[in-house]
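User: Hi! I'm new to looking at protein models and would like some help with this one. Can we go through it together?
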Amino acid sequence: RDTRCESGIVRDDLPRHIAFIMDGNRRYGRKTYGNTVAGHWDGSRKVLDVAKWCIAERIPYATVYAFSTENWKRDPVEIASLMEIFARYCEELRIESIERNIRVCILSTDPSPLPSHVAEGLRRLQNETATCTGLCLNVCLSYGSRSEMVQVCRSLVSDCIQQGRDASTINETDISMRLLPHNCPAPDI
């Protein structure tokens, strides 16, 4: 619906999973509107554009890095604005995702700082799209790759201790099964 394949790339040559880092919204907002918040609003609307493009190109998995754990160090006013954008936008994304058969998975290494109304909206978005069978859209929010690695290591150490397992037997599969986007292959791009 309202999307068409534009690349002309043979399906077998298409990536299966593309990851997008949402960067430059503050610079764009300052340049275009004279303030950063407007840039964040525009950037949030691009998530659906990315999803529609992936659907049109028949790319089954997309990951969007929307807000890192490092972003919590930003100005509290900017963070509050971003949280309001997330709260409002996750409702719009929920409706569009259900209509377009998009399964949304929220990936977070530290969800504790998220305001309760944002966390509730994200839970609803994820739960109500859980049975969708089209594009799998991972949204990384309050996510940090280093935090994820620490969590994976702690989990493996705990398993080794509890199971009396020799740490030298840990392999890539053990690690992959503990990574947050274990619901899909690693990003190709």
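User: Let's start with the sheet. In what order do the four strands come, and is the pairing parallel or antiparallel?
Analyst: Happy to help! This is a predicted model. Its four strands make an open sheet in the order β1-β2-β4-β3, and the pairing is parallel.

User: Which strands stand at the edges?
Analyst: Those are β1 (17-21) and β3. Each has a single partner strand, so one side of each has no neighbour in the sheet. From one strand to the next, the twist averages 20°.

User: How many bridges join β2 to β4?
Analyst: Seven bridges link β2 (residues 61-68) with β4, and the two strands run parallel. As a spot to look at, Val64 is opposite Val139 in β4.

User: Which strands does α3 touch?
Analyst: Helix α3 packs on the sheet and touches β2, β3 and β4. The direction of α3 makes about 165° with that of β2.

User: And where does α4 lie?
Analyst: Helix α4 lies across β3 and β4, and runs at about 140° to β3.

User: Which residues of α4 are buried?
Analyst: In α4, the buried ones are Val118, Ala119, Gly121, Leu122 and Leu125. Looking down the axis of α4, they fall within an arc of 160°, so they line one face of the helix. Their cover includes α3 (76-100), β3 (103-107) and β4 (136-143). On the face turned away from the buried side, you'll find the exposed residues Ser116 and Asn127.

User: What length should α4 span, and what is the distance between its ends?
Analyst: Helix α4 has 13 residues (116-128), and at 1.5 Å a residue it should span 18 Å. Its end C-alpha atoms are 18 Å apart, which agrees.

User: Changing topic: where is confidence lowest and where is it highest?
Analyst: The chain averages a pLDDT of 91, and 97% of the residues score at least 70. Confidence is lowest in helix α1 (residues 25-33), with a mean of 87, and highest in α4, at 97.

User: One last thing. What is the phi of Asn101?
Analyst: Asn101 has a positive phi of about 65°, although it is not a glycine. Most residues other than glycine have a negative phi. Asn101 sits in the loop between α3 and β3.

User: What about the phi of Ser142?
Analyst: Ser142, also not a glycine, has a positive phi near 55°. This residue is in strand β4.

User: Is Ser142 buried or exposed?
Analyst: Ser142 counts as buried, at 0% relative accessibility. Asn101 is partly exposed, with a relative accessible area of 30%.

Notes. Residues are numbered from 1 along each chain as its sequence is written. This is a predicted model: local features need pLDDT of at least 70, side-chain atom pairs count only at pLDDT 80 or more; totals for chains, interfaces and linings use all residues. Side-chain values use heavy atoms; hydrogens and water are left out. The expected span of a helix is 1.5 Å times one less than its number of residues. Buried means under 20% relative accessible area, exposed over 50%, partly exposed in between (1.4 Å probe, protein chains only). The arc is that of the directions from the helix axis to the C-beta atoms. Contact means heavy atoms within 4.5 Å. Two strands pair if DSSP finds at least two bridges between them. Axes are lines fitted to C-alpha atoms, for helices over the stretch in contact, and angles run from 0 to 180 degrees between N-to-C directions. pLDDT is the predictor's confidence in each residue, from 0 to 100.
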